[in-house]
Amino acid sequence: MEFNNNDNEDKFPYTITSVDEHINAALLKDFHGEKTGFVQVGDDKWFFPSQYQNAAEHFYNFQARSDDVWIATYPRSGTTWTQEMVWLICNNLDFQAARSEPLTKRFPFFEFHIFMHGEMKKQFLMENEDSTNKQFIEDASKPAYEFLESAKTRRFIKTHFPFSLLPPSIFKTGSKVIYLARNPSDVVVSYYHLNRLYRTQGYQGDFETFYNYFENDLTAWSPYWTHLKQGWQARCLPNVLFMFYENMNKNLSDTIRTVAKFLDKNISDENVVKLMDHLSIENCKNNPSMNGSELKEVKILNDNTQGFIRKGKVNSSEKELTDEIKQRIQKWTLDNLKDSDLKFPAMDK
């Protein structure tokens, strides 16, 4: 199995089209962080804000290195948790360094800049005009594929791209990729709150409307099921580790050992215990280097919504999940997994 097997490697292999104008108008009404519109990519119709089309070839032609470590997930699947674990395992559990530098800097978000619309950037700069935070806004809007090129040390990279949109060089160089999957009920609630939290998304509709977008593949990085199935298919590759968030939540110590082995790192039982304590949800929520405090300071995050790190639970009984939506998710799941051997641990009876 191969991903991005394209003879003309410099040319982006997928067609990019604008979303239907009526759907686009509805999206712009609900997602205030995007000002131009949305696009869909390839036959799978991967969904992104308008700036993706200007960056697509740069993403595709990014040169990975053999010692890169990538965390690839659909949003709200345990990404931040896994990033912190991986960075510490690879950096000999240097907790002091981890606390002194934000995770967003230690583990850059590959495609974040496409969500920083020009008009929003101007607004952020204006709101931070009388502070020293203007450079932070400038840095946040700079494409990661530009500044990562000059990195002198080992690179740790976060992405929500599906495997088919990752740079082909990842698979040619053997960069390590860890893919984490999480069940749709927990993902959609957490993703709803994240889209309300980030002003770059700026979602201002209700949960049911957001769920409709999610189920119809009209939220960023969707379609959700195709994303997961590509990750599941890639699990046989030697440079890919596929994990379920549910297993990570249930047995963090085993997950730490599995990840350390995949990354060719030894970790003692004593250090497993130390890392588990560091990675407890309460510690993560209160850790300024993990909880997005630097984003809140520059007003990229809203003050009046739930925080970046929420509950970290599996199959939590969220008030947003009405009986009707639970039934819809169950049917949607069954329809999409009927021809697949992918099955979430918490759903395995």
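## Working through a predicted model

By class, the second largest cavity has a lining of seven nonpolar, five polar and one charged residues. The model is a predicted one, and the exercises below walk you through parts of it.

### Exercise 1: The second largest cavity

Find out how many cavities of 30 Å³ or more the structure has, how much space lies in the second largest, and which residues lie nearest its centre.

Solution.
- Step 1. Start with the count: a search of the whole structure turns up two cavities of 30 Å³ or more.
- Step 2. Now take the second largest cavity, which holds about 120 Å³ of space.
- Step 3. Its lining is made of 13 residues, and those nearest the centre are Phe31, Phe38, Phe115, Gln201 and Ala220.

### Exercise 2: The largest pocket

Describe the largest pocket by its volume, its lining and the elements that supply that lining.

Solution.
- Step 1. The volume of the largest pocket comes to about 1000 Å³.
- Step 2. Go to the centre of the pocket: of its 38 lining residues, Thr104, Lys105, Arg106, Phe107 and Pro108 lie nearest to that point.
- Step 3. Trace the lining back to helices and strands. At least two lining residues each come from α3 (79-90), α5 (103-106), α7 (134-140), α8 (144-147), β5 (156-159) and α17 (293-297).
- Step 4. Sort the lining by class, and you get 20 nonpolar, nine polar and nine charged residues.

### Exercise 3: The two sides of helix α1

Work out which residues of α1 are buried, which exposed residues sit on the face turned away from them, and what the buried ones pack against.

Solution.
- Step 1. Helix α1 covers residues 21-30, and its buried residues are Asn24, Leu27 and Asp30.
- Step 2. Look down the axis of α1: the buried residues fall within an arc of 130°, so they line one face of the helix.
- Step 3. The general rule helps here: an α-helix has 3.6 residues a turn, so residues three or four places apart point the same way.
- Step 4. Turn to the face of α1 that points away from the buried side, and you meet the exposed residues Glu21, His22 and Lys29.
- Step 5. On the buried side, the packing partners are β2 (38-41), β3 (46-49) and α11 (207-215).
- Step 6. Finish at the N-terminal end of α1, which is capped by Asp20: one of its side-chain oxygens lies 3.0 Å from the backbone nitrogen of His22.

### Exercise 4: Glu320 in its loop

Is Glu320 buried or exposed, and what does its side chain touch?

Solution.
- Step 1. Locate Glu320 in the loop between α17 and α18 (323-337).
- Step 2. Its relative accessibility is 10%, so Glu320 counts as buried, the cut-off being under 20%.
- Step 3. Look for polar contacts. The side chain of Glu320 has one with the side chain of His193, at 2.9 Å, and one with the side chain of Lys319, at 3.5 Å.
- Step 4. Leave aside neighbours within four places in sequence, and the residues in contact with Glu320 are Val189, Tyr192, His193, Phe207 and Ile325.

### Exercise 5: Unusual backbone spots

Find where Arg76, Leu93 and Pro223 lie, and say what to note about the backbone there.

Solution.
- Step 1. Keep the background in mind: most residues other than glycine have a negative phi, and most peptide bonds are trans.
- Step 2. Arg76, in the loop between β4 (69-73) and α3, isn't a glycine, yet its phi is positive, about 70°. Arg76 is also buried, with a relative accessible area of 13%.
- Step 3. Leu93, in the loop between α3 and α4 (95-100), isn't a glycine either and has a positive phi of about 50°. Its relative accessible area is 14%, so Leu93 is buried.
- Step 4. Pro223 is in the loop between α11 and α12 (224-233), and the peptide bond leading to it from Ser222 is cis, with omega near 15°.

### Exercise 6: Helix α14 and what covers it

Which residues of α14 are buried, and which elements are among those covering them?

Solution.
- Step 1. Within α14 (residues 252-262), the buried residues are Leu252, Ser253, Thr255, Ile256, Val259, Ala260 and Phe262.
- Step 2. Their cover includes α3, β6 (176-181), β7 (240-244), α13 (245-250) and α15 (269-278).
- Step 3. Move past the helix: Asp264 follows α14 and has a positive phi, near 60°.

How values were computed. Residues are numbered from 1 along each chain as its sequence is written. This is a predicted model: local features need pLDDT of at least 70, side-chain atom pairs count only at pLDDT 80 or more; totals for chains, interfaces and linings use all residues. Side-chain values use heavy atoms; hydrogens and water are left out. Buried means under 20% relative accessible area, exposed over 50%, partly exposed in between (1.4 Å probe, protein chains only). Helices (H or I, at least four residues) and strands (E, at least two) are DSSP runs, numbered from the N terminus. The arc is that of the directions from the helix axis to the C-beta atoms. Contact means heavy atoms within 4.5 Å. A polar contact is a pair of N or O atoms within 3.5 Å; within protein, one must be able to donate a hydrogen and the other to accept it, and residues adjacent in sequence count only if both atoms are side-chain atoms. On a 1 Å grid over the protein atoms alone, a cavity is a set of points where a 1.4 Å probe fits but cannot get out, and a pocket is an open set with protein on both sides within 12 Å along at least five of seven lines; lining residues have an atom within 4 Å of a point. Grid points are joined across faces, edges and corners, and a volume is the space filled by probe spheres set on the points. Ala, Val, Leu, Ile, Met, Phe, Trp, Tyr, Cys and Pro count as nonpolar, Asp, Glu, Lys and Arg as charged, and the others, Gly among them, as polar.
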